[in-house]
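Work through the exercises below with the sequence and the model at hand. Each task is followed by a solution in steps.

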Amino acid sequence: MSEKLQKVLARAAFGSRREIETWIIQKRIRVNGKIAKVGDRVINADLILVDGKRLTSHRGVRETKRRFLIYNKPENEICTRKDPRGRPTVFDKLPSLKHERWISVGRLDFNTTGLLLFTTDGDIANRLAHPSSEIEREYAVRVMGQVTQDMVEKMHKGVIIDEHLCRFTDIQYFGGEGINRWYHVVVMQGRNREVRKLWESQGLKVSRLKRVRFGPIFMPSTIKMGQFQELSKKDVDKLVKSVASEDCCCYSSL
């Protein structure tokens, strides 16, 4: 059975599908001696070279154990591998890998803290982060300002932001008094700064924002800020099941 070239390479932890598509355009990838094109499909017998480095059997890649980490992101770290301004990145504290690399499952803003997932499986990372997966992302939010029931209902119903309908599928008051109150909110697609923009649409300011859950995975209290922990097989199975489909059933035994 053939598969898209970028899907095979993402699963092998060469990078995300988007990164690999860029490499194809840059003519860094060859299949059976020919320069690859976006949209190419490959089979297990094909010889794939990335910058001259040979990819092992696609079947072997499927059977290789994937690794998953949960990381408690501090403020003032960016979700890119390198920063021209020299700021710390979320990759700086992760364990080193010999023949693979860590791929983040989505991103968090520079000033947002909390749960961030990493994996060596680019295909699963793409599935988990893609808006079509509609995986719940839960945040703890400290809001400055007086929150009314009318505001809550508007954010629950939906607000047009940057030409998209954005909404919280759940909003729960969590604690606090006066103008500083904590809420827990849930979004399904995780668009750029969506949580902050929804509150700002009501004339309110978010002073603290922390992700506490991604799908079935909660942030354990045992993981301190700036620390990581390998996910258990049970948690990995939960994650994989949340994006399971006919063409990714091979992951069910990870």
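A polar contact is a pair of N or O atoms within 3.5 Å. The model used here is a predicted one.

**Exercise 1. The start of helix α4**

Task: Find which residue caps the N-terminal end of α4, and say whether that residue is buried or exposed.

Solution.
Step 1. Look at the loop between β9 (113–119) and α4 (122–129); Asp 121 is located there.
Step 2. Check the distance from its side chain to the helix backbone. A side-chain oxygen of Asp 121 lies 3.0 Å from the backbone nitrogen of Asp 123, and Asp 121 thus caps the N-terminal end of α4.
Step 3. Look one residue further along. A polar atom of the Asp 121 side chain is also 3.0 Å from the backbone nitrogen of Ile 124.
Step 4. Check the accessibility. Asp 121 has a relative accessible area of 0%, so the residue is buried, the cut-off being under 20%.

**Exercise 2. The surroundings of α4 and its charged pair**

Task: State how many residues of α4 are buried, and describe the salt bridge between Asp 123 and Arg 127.

Solution.
Step 1. Count the buried residues. They make up 6 of the 8 residues in α4, so the helix is largely enclosed by the rest of the structure.
Step 2. Name them: Gly 122, Asp 123, Ile 124, Ala 125, Arg 127 and Leu 128.
Step 3. Take the charged pair from this list. The closest N and O atoms of Asp 123 and Arg 127 are 3.3 Å apart, and the two residues form a salt bridge.
Step 4. Place the pair in the helix. Both residues belong to α4 and are 4 residues apart, about one turn of the helix.
Step 5. Compare the accessibilities with the cut-off. Asp 123 is buried at 0%, and Arg 127 counts as buried at 15%.
Step 6. Extend the pair. Arg 17 joins Asp 123 and Arg 127 in one network, through salt bridges that share partners.

**Exercise 3. Two faces of α2**

Task: Determine where the buried residues of α2 fall when seen down the helix axis, and what covers them.

Solution.
Step 1. List the buried residues of α2 (residues 17–25): Ile 20, Trp 23 and Ile 24.
Step 2. View them down the axis. They fall within an arc of 100°, so they line one face of α2.
Step 3. Turn to the other side of the helix, where Arg 18 and Ile 25 are exposed.
Step 4. Find the cover over the buried residues, which includes α1 (5–11), β2 (29–31) and β5.
Step 5. Follow the chain past the helix. Just after α2, Lys 27 has a positive phi of about 65°.

**Exercise 4. An open sheet**

Task: Give the order of the strands in the sheet that contains β2 and β5, and explain why β3 and β6 each have one side without a neighbour in the sheet.

Solution.
Step 1. Trace the pairing. The order is β3-β2-β5-β6, an open sheet of 4 strands with antiparallel pairing.
Step 2. Go to the edges. β3 (34–35) and β6 (53–54) stand there with a single partner strand each, so one side of each has no neighbour in the sheet.
Step 3. Examine one pair. β5 (residues 48–50) pairs with β6 over 2 bridges in the antiparallel sense, and Val 50 stands opposite Lys 53 in β6.

**Exercise 5. The nonpolar cores**

Task: Identify which residues have the most contacts inside the largest nonpolar core.

Solution.
Step 1. Start from the core, which has 31 residues.
Step 2. Pick out those with the most contacts inside it: Phe 118, Tyr 139, Val 141, Phe 168, Val 185, Val 195 and Trp 199.
Step 3. See which elements contribute. Those that each supply at least two residues of this core include β9, β10 (137–144), β14 (180–187) and α6.
Step 4. Inspect one residue. Leaving aside neighbours within four places in sequence, Val 195 is in contact with Tyr 139, Val 141, Phe 168, Val 185, Val 187 and Leu 209.
Step 5. Look apart from this core. Another core lies there, of 19 residues, including Ile 70, Leu 117, Ile 124 and Ala 125.

Methods: Residues numbered from 1 in each chain as written. Predicted model: local features only at pLDDT ≥ 70, side-chain atom pairs only at ≥ 80, totals over all residues. Heavy atoms only, no water. Buried < 20%, exposed > 50% of the residue type's maximum accessible area, 1.4 Å probe, protein only. Polar contact = N/O pair within 3.5 Å; in protein donor to acceptor, adjacent residues only side chain to side chain. Pairing = 2+ DSSP bridges. Arc of directions from axis to C-beta. Contact = heavy atoms within 4.5 Å. Core = buried A, V, L, I, M, F, W, Y, C linked by side-chain atoms within 4.5 Å. Salt bridge = Lys/Arg side-chain N within 4 Å of Asp/Glu carboxyl O.
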